[in-house]
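User: Could you take a close look at one strand in this model and walk me through what surrounds it? I'd like the pairing and the way the chain gets from strand to strand.

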Amino acid sequence: MRSFTRFALLLVGLWLAMASLSASAQSPARSAKPSTTRPWTYWWWMGSAVSEADISRQLDQFAKAGLGGVHIIPIYGVRGYEAQSIPFLSPRWLSVFAHTVREANRLGLGVDLTTGTGWPFGGPNVTPDMAARQWQLQAGQLVSKPTRQQVKRAAPGGEGPVIDPFSQAAMQQYLRRFDSTLATLPTQPRAVYNDSYEAYGANWTTDFPAEFRQRRGYDLSSQLTAFLDSTSTDGLRVRQDYQQTLAELLRDASAGTWTRWATQRGYQTRYQAHGSPGNLIDLYALASIPETESFGSSRFPIPGLRVDENYEIDRFGTPHPLAMKFASSAANLTGKPLVSSETGTWLADHFKVSLSQIKPQVDELFTAGINHIFYHGITYSPAGQNGSNPSWPGWLFYASTNYGPSSHFWPQLPLLNQYIDRCQSRLQTSRPDNDLLVYFPMHDLWATRARSAGGLHMLEVHHVDRWLLPLPFGQLCDSLRLRGYAFDYVSDQLLSTLKTDRQGRILAGNASYRAVVIPRCTYLPETTMAQLNRLARQGVRIIFEGGLPEQVPGFYQHQARSQTLRQLGAGLRRLPVVSISRDVAATLGTIGIRREAWASRGLSFIRKRQGDSVQYFITNLENQFRAGWITLAASGGPVIRYDPLTNQQSTLPDRRLQSTRSVWLRLEPGQSCFLTVSPAAPRPDRSPPVASVGPGQPMALPIGGPWQLTFMTGQPALNLSRQVPELTSWTTLADSAGYFWGTVRYETTFDLSASIDPAAVYELDLGSVREVAAVRLNGKPLGTAWCLPFRLTIPAGQLKPGRNRLDIDVTNLSANYMRLYDRQQPGWKKFHDINIVDIRYRPFDASRWPAEPSGLLGPVRIVSYQ
């Protein structure tokens with residue numbers, strides 16, 4: 001392994017050299033206040049077999065790489081390290097945790113902590129009366145029994161039953177363990193954390209009958225026959241009441257108790273509400289930092305974007321911005337400045353994830369209102385033989401992606417971190433600029449047949465195709481999104497908190513809205529209709545899709561309450577600000593709701609306000625748009641484009657035709673930018689506006705080769721040099737090259753016969769790169785291409801007429817070396833519990849993988865445009 005140790009040291013050296021060029025990767029600020037604009041990471045402590053020295057070393061690495069903080073989750077341990085494992089919340093564990101917080105403060109990093117180990121909440125202090133329960137029918141009565149679920153992926157000292165998620169008493173008793181431990185620390189973490197709801201089968205709590213009677217107005221036992229009949233009308237209404245009661249208990253008794261406990265002790269809270277049977281908007285709204293999740297790979301049609309062919313969509317689903325908006329909507333309505341996401345889970349199999357796959361997923365999160373990225377994740381690994389870096393591949397969490405120092409993209413991770421830092425610096429300091437609130441009809445969802453074994457609707461983020469998109473709500477929201485309307489969701493509960501101004505605008509949190517849209521729905525609580533009446537009488541536009549609902553949800557006094565609903569609806573219908581529409585988008589156009597029409601050309605966006613300016617983040621996640629005139633809904637002065645990838649900004653060309661103004665935007669698939677529209681400056685004269693001519697079409701000069709290839713630092717070491725007439729994967733050059741993980745240099749010269757236009761912009765387009773390319777043109781660094789499209793802007797004067805020299809160092813994935821390593825050193829897979837699995841959750845075996853294409857695949861060309 002000596003050659004590999006040298007390779008690892010060289011990789012670290014390369015990373016240090018790149019970090020010195022990055023502003024975000026300089027020595028971290030010695031501040032107790034952590035940066036939230038930099039990405040944070042989940043930090044898995046396997047068995048909590050940690051030491052102060054390795055904690056300090058790794059935190060220092062994280063800070064230098066441009067991370068902003070860590071989220072510690074103790075999990076299962078490592079075989080052979082049982083003696084080093086530290087029981088959760090033991091005095092020794094508290095000591096190393098206190099050291100972590102002190103060191104993080106010194107480095108300007110933040111620390112968050114899961115209130116438990118693994119997930120969901122539970123552990124050794126959960127007694128049988130506190131454990132999760134489910135109902136069963138016994139002698140004609142509903143009784144409960146324990147689910148017997150244990151904490152998943154628990155760490156030593158955290159094993160035990162899962163807590164009852166609907167019991168206030170159970171949550172209060174559970175949290176006392178942390179009062180007697182964390183409270184003794186001299187410094188605290190920034191926030192405590194609750195993972196997504198995974199209390200499988202839990203659908204009851206001991207005092208459920210009493211809670212049901214108090215909240216719904218009747219005894220559930222009196223309607224037991226209807227409750228057990230899923231086909232009858234009365235059964236449907238009783239089931240709605242049952243699910244609403246559980247949702248309220250989850251919100252009030254469990255999540256509410258946890259958030260109050262945290263707030264009283266000075267902690268912020270990060271809360272993942274998804275996967276639960278509750279109303280996600282209300283649950284997210286409880287948290288200081290609502291958190292969604294991006295799990296798996298989206299099927300973006302960006303040219304060159306790869307998706308792991310073994311990822312099972314039917315099993316795991318794909319990310320969707322409509323699911324992410326539940327968290328950001330709750331934050332916007334309650335004035336929370338941060339919205340986080342568990343990011344990059346299972347993008348591809350282990351050792352196969354590239355930075356070019358991560359960036360589009362992050363961009364999608366930004367358009368959905370997320371502004372606080374958490375990588376998923378990095379696993380703590382002890383120092384290797386060289387004393388400073390873990391032996392490869394180190395300790396790994398069973399679900400990729402690995403963002404840590406043993407990752408093949410660690411040397412280039414500061415570039416992604418810098419990009420996210422620049423984006424989040426803008427997204428966190430601006431406020432929402434959405435015109436619409438779309439009502440989420442939870443009661444209609446409860447009226448449909450549930451898929452889960454417990455008979456509950458679990459609102460998970462993975463399979464929105466199963467519960468969200470089929471609803472009229474989902475269909476309407478997706479249509480509005482694709483047409484360019486900006487909106488948030490609102491629940492029955494939050495609707496009652498909305499205030500208005502004299503112009504009929506809704507005021508909530510740090511946002512304002514101009515209209516409320518009620519999707520086509522069958523059920524609406526009479527209390528919600530009363531709130532819509534209140535808003536309409538204060539001048540708020542209300543739009544009903546299709547018609548007004550005429551039924552209330554639930555069994556109790558259903559007919560009388562439905563009559564009240566219809567009476568309120570009749571009064572509401574007569575108000576001039578109320579519309580009933582079969583085509584909501586058409587109605588929005590008639591009342592002046594802003595629409596970004598260019599979104600229909602495949603561009604995704606979020607619109608925000610910063611001071612008096614309007615700010616757009618726009619990303620091209622499709623394959624339709626490349627360049628053209630777009631008309632922004634925001635009016636004002638010059639439009640400034642900012643590129644967070646290059647940290648460059650420019651003023652966009654514009655043209656004015658009659659009362660509209662368009663700007664010329666060039667945005668290739670995979671690219672993103674910010675556009676800022678400042679308030680209009682007074683015109684110096686009254687001369688008519690002039691229409692400008694748009695920039696011309698790009699021109700391209702192919703660079704055909706031949707190319708000289710030299711294998712440089714890598715594993716296994718190869719002494720190989722070849723000249724090739726055209727670009728191809730280096731794995732085809734020799735059998736041994738199919739196992740090589742490292743860097744290969746590509747060298748060529750080309751002639752530029754045409755003169756250089758000083759008014760033109762020149763770019764080097766590398767075509768397909770597997771996976772990262774560091775480029776020098778005529779002996780000077782041009783930059784590192786790490787994301788799609790693999791293009792670098794050529795500074796003025798660096799490209800010259802006549803002969804030019806191009807040197808490109810390409811580094812590939814570690815998957816090809818793992819093909820060999822997994823055969824030679826299978827003992828690296830030494831973890832308890834699930835050990836290490838592939839993307840299909842089968843035992844990990846890379847020895848039969850085919851070689852991944854590697855290197856510069858091209859075509860390479862010089863592109864110029866005005």
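**Strand S18 and its partners**

Analyst: Let's start with the pairing: strand S17 (residues 515-518) lines up with S18 in the parallel sense, and the two share four bridges. Keep in mind that this is a predicted model. Within that pairing, Ile518 has Phe544 of S18 as its bridge partner. To get from one strand to the other, the chain uses helix H17 (residues 526-537), and S17, H17 and S18 together make a right-handed β-α-β unit.

S18 also pairs with strand S19 (residues 578-581), again by four bridges and running parallel. Phe544 turns up here too, standing opposite Ile580 in S19. The chain goes from S18 through helix H18 (residues 558-573) to S19, and that β-α-β crossover is right-handed.

How much of S18 itself is covered? Mostly covered is the short version: S18 spans residues 541-545, and four of its five residues are buried. Buried here means under 20% relative accessible area.

For another piece of sheet, look at the open one made by three strands in the order S22-S26-S25, where the pairing is antiparallel. Strands S22 (627-630) and S25 (654-657) stand at the edges with a single partner strand each, so one side of each has no neighbour in the sheet. On average, neighbouring strands there are turned by 25° against each other, ignoring direction. S22 is joined to strand S26 (residues 660-666) by four bridges, running antiparallel, and Ala627 stands opposite Arg666 in S26.

Terms used:
Residues numbered from 1 in each chain as written. Predicted model: local features only at pLDDT ≥ 70, side-chain atom pairs only at ≥ 80, totals over all residues. Heavy atoms only, no water. Pairing = 2+ DSSP bridges. Axes fitted to C-alpha atoms, helices over the stretch in contact; angles between N-to-C directions. Buried < 20%, exposed > 50% of the residue type's maximum accessible area, 1.4 Å probe, protein only. Right-handed = clockwise from strand over helix to strand, strands pointing away.
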